[in-house]
Amino acid sequence: MNTTEAMQKAIELAATCVKASGDVPIGAVILNESGEIVATGINERELSKDPTAHAEIIAIRNAAKMLGDWRLEGHTLVVTLEPCAMCAGAIAQARIPYLVFGAWDEKAGAVGSVWDVLRDPRALHTVEVTAGVLADDCAALLSSFFKAQR
């Protein structure tokens, strides 16, 4: 599976998020080196009443559990929205070398918008970032969700 296909899967997951958890529609998938999905996640903050239950964190937890290792070296995280500072930190801590995201988060993004946690030259772990994959589709999900909230 290539990153565009993986982003399409993340978008599908995000679309289920509102019904499944009542939360902001964000989906994440983790691919192994062969391009196979090893874990997924959606936002579950409202469902679990856990402020750390972002899609990326859920996917990382699921991958670590499935693989039996917290080091996700060689894996790629694909997520519909630019990660926040907490999620960027978790990506680095999990040693994920590749990040692909869709829409930019101009308010809380920590991979280029507000901060750039993953590409800071002082970072202990280097992450290759690809931004803007199916960005319009990812942004449309978020826009629809927030429009319905108002």
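In this predicted model, C138 sits at 1% relative accessibility and so counts as buried. Its sulfur has no partner to bond with, because the closest cysteine sulfur, in C17, is 13 Å away, too far for a bond. C84 is another buried cysteine, with a relative accessibility of 17%. Here the closest cysteine sulfur belongs to C87, at 3.8 Å, which is still too far for a bond, given that a disulfide needs its two sulfur atoms within 2.5 Å. The tally of disulfides for the structure is accordingly zero.

Turning to the annotated region, the unreviewed UniProt entry places a "CMP/dCMP-type deaminase" domain at residues 1–114. Helix makes up 39% of that span and strand 20%, and its end C-alpha atoms are 31 Å apart.

Aromatic contacts come next. Searching the whole structure turns up two aromatic pairs. In one of them, F101 and W104 have ring centres 4.9 Å apart and planes at 90 degrees, so the arrangement is edge-to-face. The F101 side of this pair is buried, with 0% relative accessible area, whereas W104, at 41%, is partly exposed. F145 and F146 make up another pair, with centres 5.1 Å apart and planes at 80 degrees, and so they also count as edge-to-face. F145 is buried at 11% relative accessible area, while its partner F146 is partly exposed at 36%.

On the surface, V114, W115 and V117 come together as a nonpolar patch, sharing about 250 Å² of accessible area. V114 belongs to the loop that runs between strand 4 (98–103) and strand 5 (128–131), and with a relative accessibility of 37% this valine is partly exposed.

The backbone has a couple of spots worth a look. Most residues other than glycine have a negative phi. K49, however, is not a glycine and still has a positive phi of about 55 degrees. This lysine is found in the loop between helix 2 (45–48) and helix 3 (55–67), where it is exposed at 65% relative accessibility. L134 is likewise a non-glycine residue with a positive phi, in this case about 50 degrees. The loop between strand 5 and helix 5 (135–149) is where L134 lies, and the leucine is partly exposed, with 26% relative accessible area.

That leaves the charged side chains. Side chains of opposite charge can pair when their charged atoms come close. The count of salt bridges comes to five. One of them joins D50 to R61, with the closest N and O atoms 3.9 Å apart. Since D50 is in the loop between helix 2 and helix 3 and R61 is in helix 3, the pair ties together parts that are 11 residues apart in sequence. D50 is partly exposed at 24% relative accessible area, and R61 is partly exposed at 43%.

Another salt bridge links D116 and R119, whose closest N and O atoms are 3.1 Å apart. D116 has a relative accessibility of 28% and counts as partly exposed; R119 is partly exposed too, at 40%. The side chains of D120 and R122 also meet in a salt bridge, with an N to O distance of 2.6 Å. In this pair D120 is partly exposed at 23%, whereas R122 reaches 70% relative accessibility and counts as exposed.

Conventions:
Residues numbered from 1 in each chain as written. Heavy atoms only, no water. UniProt positions renumbered as here; feature names shortened; annotations may be inferred. Helix = DSSP H or I, 4+ residues; strand = E, 2+ residues; numbered from the N terminus. Phe/Tyr/Trp six-rings, centres within 6.5 Å; stacked < 30°, edge-to-face > 60°. Buried < 20%, exposed > 50% of the residue type's maximum accessible area, 1.4 Å probe, protein only. Patch = residues over 30% accessible without salt bridge, like charges linked within 9 Å, V, L, I, M, F, W, Y side chains within 5 Å. Areas by Shrake-Rupley, 256 points an atom, 1.4 Å probe, with all protein chains shown as cover. Salt bridge = Lys/Arg side-chain N within 4 Å of Asp/Glu carboxyl O.
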